[in-house]
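Q: Could you take me through one part of this model up close, starting from the surface and then working inward? I'd like a connected account rather than a list.

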Amino acid sequence: QGKTGAWNNNVSTGATMEFLLLGFSELLRLRVLLFLVFLVIHLVTLAGNMMIFLAVVMEPSRPPMLLFLCQLSAIELCYTLVIVPKALLSLVAAEGSTISFLGCAAQMLLFVALGGAECFLLAAMSYDRYVAICQPLRYAALMSQGLCLRLALACALGASAVALALTVAVFRLPFCQPRRIDHFFCDVPAMLHVACTQSYGAELPLLAACVLLLLLPFLLILASYVCIATDLLRITSPAGRGKAFCTCISHLAITLLHYGCATFIYIRPKSSYSPARDKVVSLVYTNITPLMYPLIYSWRNKEIRGLLRKMLRRKKIDWFHYFSVKMTVEIG
């Protein structure tokens, strides 16, 4: 009855209830510097991921890994747009920025859904690497474009379903006055810290989401790389072994970045919550990591570098043609 009452109270006051995101209000002297740094990182992240996304979309023939990279870039674009603008706003406001009950729920839903979709997508990409290395002759047949699109859709729908269930479970809880969130966005641990409950039952939905969104994809990734390592050990040539392993380095780097931060934040009890420490890790997770993805893939992946060069040449030719026509018209 208490939970139902809290849910009804939250719903009935959802139109007027607000939370205060404190953000980095304790760093008043560094606000301008932090704002400029975050803004530059945000713009570079958007530009990098947008370039990869457009380069892949404009390419007529797309291998499976490029399709996955296209979806990864789209996720990172949405990811930063969900989190960073509100974080920048909290730096502008000296005492933090307010966010409505429904706005906070929507932000959490999108954040968890996008993060979960990325976990599932990393598992799909590890399967792609497994097929490419362990079954190269059947690669074209197994990794068809139709399968890649179905995997991408399954990643999005599965993560959205878990995110919706987790968001509803969190926002059923009663929230203590004053509703001050010592964070720069509505993250799950920060919301549980504000909730007026000491019961471990409130953490069970987060635990279930971690199992589905973190542990399950991680086990699939681990299984893929165990098979890859077993197959690589059979290769007698060191050069061939090194060449095969190099195709996995980018994926491994991104997986370690993603899972390292996510595990630190979400797989631990509520009692160990530390706002200052969580904000630093979340800062890396939501700003630095999305910036690193296009850098890692454009540095290690020859196909991505080729696509980016082709796109830039095409844009250069288009601009040259535009100015040529414009000058001809003006002279005429």
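A: Sure. Let's begin with the nonpolar patch on the surface, keeping in mind that this is a predicted model. The patch is formed by Leu204, Leu207, Val211, Leu215, Phe218, Leu219, Leu222 and Val226, and together these residues have about 700 Å² of accessible area. As for the general geometry, an α-helix has 3.6 residues a turn, so residues three or four places apart point the same way. Take Leu222 as one of the patch members: Leu222 sits in helix 8, which covers residues 204-233. With a relative accessibility of 42%, Leu222 counts as partly exposed, because exposed would take over 50% and buried under 20%.

Now for the inside. Helix 4, residues 101-134, makes a good contrast to start from: 26 of its 34 residues are buried, so helix 4 is largely enclosed by the rest of the structure. From first C-alpha to last, helix 4 reaches 49 Å, close to the 50 Å expected at 1.5 Å a residue.

Next, the aromatics. There are 11 aromatic pairs in the structure. One of them joins Tyr79 and Tyr285: the ring centres are 6.2 Å apart and the planes sit at 80 degrees, so this pair is edge-to-face. It's a link between distant parts of the chain, with Tyr79 in helix 3 (residues 64-92) and Tyr285 in helix 10 (residues 275-300), 206 residues apart. Both ends are tucked away: Tyr79 counts as buried at 3% relative accessibility, and Tyr285 counts as buried at 5%. Then there's Phe184 with Phe185, whose ring centres are 5.3 Å apart and whose planes are at 55 degrees, so that pair is tilted. Phe184 and Phe185 are buried too. Put these four together with Phe111 and you have one aromatic cluster.

Helix 10 has another tyrosine to look at, Tyr297. Tyr297 is buried, at a relative accessible area of 5%. Leaving aside residues up to four places away in sequence, Tyr297 touches Leu69, Leu72, Met125, Ser250, His251, Ile254 and Ile304. Ile52 is worth finding as well: 245 residues separate Ile52 and Tyr297 along the chain, yet their C-alpha atoms are 9.2 Å apart.

So, if you want a route through the model, go from partly exposed Leu222 to the aromatic cluster that includes Tyr79 and Tyr285, and finish at buried Tyr297.

Terms used:
Residues are numbered from 1 along each chain as its sequence is written. This is a predicted model: local features need pLDDT of at least 70, side-chain atom pairs count only at pLDDT 80 or more; totals for chains, interfaces and linings use all residues. Side-chain values use heavy atoms; hydrogens and water are left out. Rings of Phe, Tyr and Trp (its six-membered ring) pair if their centres lie within 6.5 Å; planes under 30 degrees apart count as stacked, over 60 as edge-to-face and the rest as tilted. Helices (H or I, at least four residues) and strands (E, at least two) are DSSP runs, numbered from the N terminus. Buried means under 20% relative accessible area, exposed over 50%, partly exposed in between (1.4 Å probe, protein chains only). Patches are made of residues with over 30% relative accessible area and no salt bridge: like charges are joined within 9 Å, nonpolar side chains (Val, Leu, Ile, Met, Phe, Trp, Tyr) within 5 Å. Accessible areas come from the Shrake-Rupley method with a 1.4 Å probe; for residues, only the protein chains shown count as cover. A salt bridge is a side-chain nitrogen of Lys or Arg within 4 Å of a carboxyl oxygen of Asp or Glu. Contact means heavy atoms within 4.5 Å. The expected span of a helix is 1.5 Å times one less than its number of residues.
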